[in-house]
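Visitor: I would like to learn how to read a protein model. Could you take me through one, feature by feature?

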Amino acid sequence: ELGALRERLRKHEEEAPAWLQRAQAEGWVPRDEHTRATAALQEQARALRERLAQLEATADAKAREATRLQAELAAAVPRAQHEAAEAGLRAEAAALAQRLQELERRHEKTCEEVFRVQRQALFMKSERQAAEDRLGAAQKQLEQAQDEARRLRELHSQAEDATRLVRDRDRKITELSKEVFRLKEALNAHPESGGSPKSPPNTAALQAQVRALEEKLEETETRHSKVVTLYRSHLLYAVQ
């Protein structure tokens, strides 16, 4: 405190008046303001000197007291005992410093171990998260595969139904074709009436039946073609 006060007083006595003189000379502050500032600075300098004198007196008293106590200590404790106590304290201080260094090394090692464990835990956490993500993706793929298998079974069932329908249509077309052929043969084999402009009733009925069968055959073949097309599309989708 004494040294800081001396430095403060030195700067105050050296810098403040010079700054005020320069400020007045260059017209920074009015004359009255300069006078008041100078008086304030002088008052501050006086207070600092008084405080400095008090601190110097206190420091002198403390120095005299320290000298007296050192003399009493030297008289009270033998020099050899004092040196032995000092050596013991130095040895204890060295041992404590060595122990402190050992504790610092152990602390650093513990910190490294904690960091390693934390890094390993973080790595395991990331690995677990990645495994959970892979498991979720696999489960999703499994569900998609199960849905696809279910759709394929449905398509397979539809394809079997379409196959049976195609066989039924083929059988009906074959039967209708045979019936049309038989009726045409019967119609061709029927004797024509030479003088009559109209066909006999049984001939007209046969012709009407042949036309009806031909129309039914054509309709059946059309439906058959649509069924075959649908069946092929189902098979193609199932294969894909």
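Visitor: Let me begin with a side chain: is Arg128 buried or exposed?

Guide: Happy to start there. This is a predicted model, and in it Arg128 counts as exposed because its relative accessibility is 59%, where the cut-off for exposed is over 50%.

Visitor: Which side chain does Arg128 meet in a salt bridge?

Guide: The partner is Glu132, with 3.3 Å from N to O. The two are about one helical turn apart, because 4 residues separate them in helix 3. Glu132 itself is partly exposed, at 40% relative accessible area.

Visitor: How many salt bridges are there in the whole structure?

Guide: A search finds 8. One of them joins Arg46 to Glu43, whose closest N and O atoms are 2.2 Å apart. Both residues belong to helix 2 and sit 3 residues apart, about one turn. Arg46 is partly exposed at 36% relative accessibility, and so is Glu43 at 42%.

Visitor: Which residues are linked with Glu43 and Arg46 in a network?

Guide: Glu50 joins them, and salt bridges link the three. Helix 2 also holds the pair Glu72 and Arg68, 4 residues apart, with 2.4 Å between the closest N and O atoms of their salt bridge.

Visitor: Now the inside. Which residues make up the largest nonpolar core?

Guide: The general idea comes first: in soluble globular proteins, nonpolar side chains tend to be buried together. Here the largest core has 7 residues, namely Ile173, Leu176, Val180, Leu183, Val210, Leu213 and Leu217. Helix 3 (79–189) and helix 4 (201–239) each supply at least two of them, with helix 3 giving the most, 4 residues. Take Leu213 as a case: beyond its neighbours within four places in sequence, Leu213 contacts Leu176, Glu179, Val180 and Leu183. A second, separate core of 5 residues includes Leu5, Leu9, Leu52 and Leu55.

Visitor: How many helices and strands does the protein have?

Guide: There are 4 helices and 0 strands. Of the 240 residues, 14% are buried. Among contacts between residues at least 6 apart in sequence, 76% join residues at least 24 apart.

Visitor: Where does pLDDT stay under 50?

Guide: Look at residues 193–200, for which the model has 4 contacts beyond four places in sequence. Over the protein, pLDDT averages 77, and 82% of the residues score at least 70. Among the elements, helix 2 (residues 31–76) has the highest mean, 82, and helix 1 (residues 2–25) the lowest, 71.

Terms used: Residues are numbered from 1 along each chain as its sequence is written. This is a predicted model: local features need pLDDT of at least 70, side-chain atom pairs count only at pLDDT 80 or more; totals for chains, interfaces and linings use all residues. Side-chain values use heavy atoms; hydrogens and water are left out. Buried means under 20% relative accessible area, exposed over 50%, partly exposed in between (1.4 Å probe, protein chains only). Contact means heavy atoms within 4.5 Å. pLDDT is the predictor's confidence in each residue, from 0 to 100. A nonpolar core is a set of buried Ala, Val, Leu, Ile, Met, Phe, Trp, Tyr and Cys residues joined through side-chain atoms within 4.5 Å. A salt bridge is a side-chain nitrogen of Lys or Arg within 4 Å of a carboxyl oxygen of Asp or Glu.
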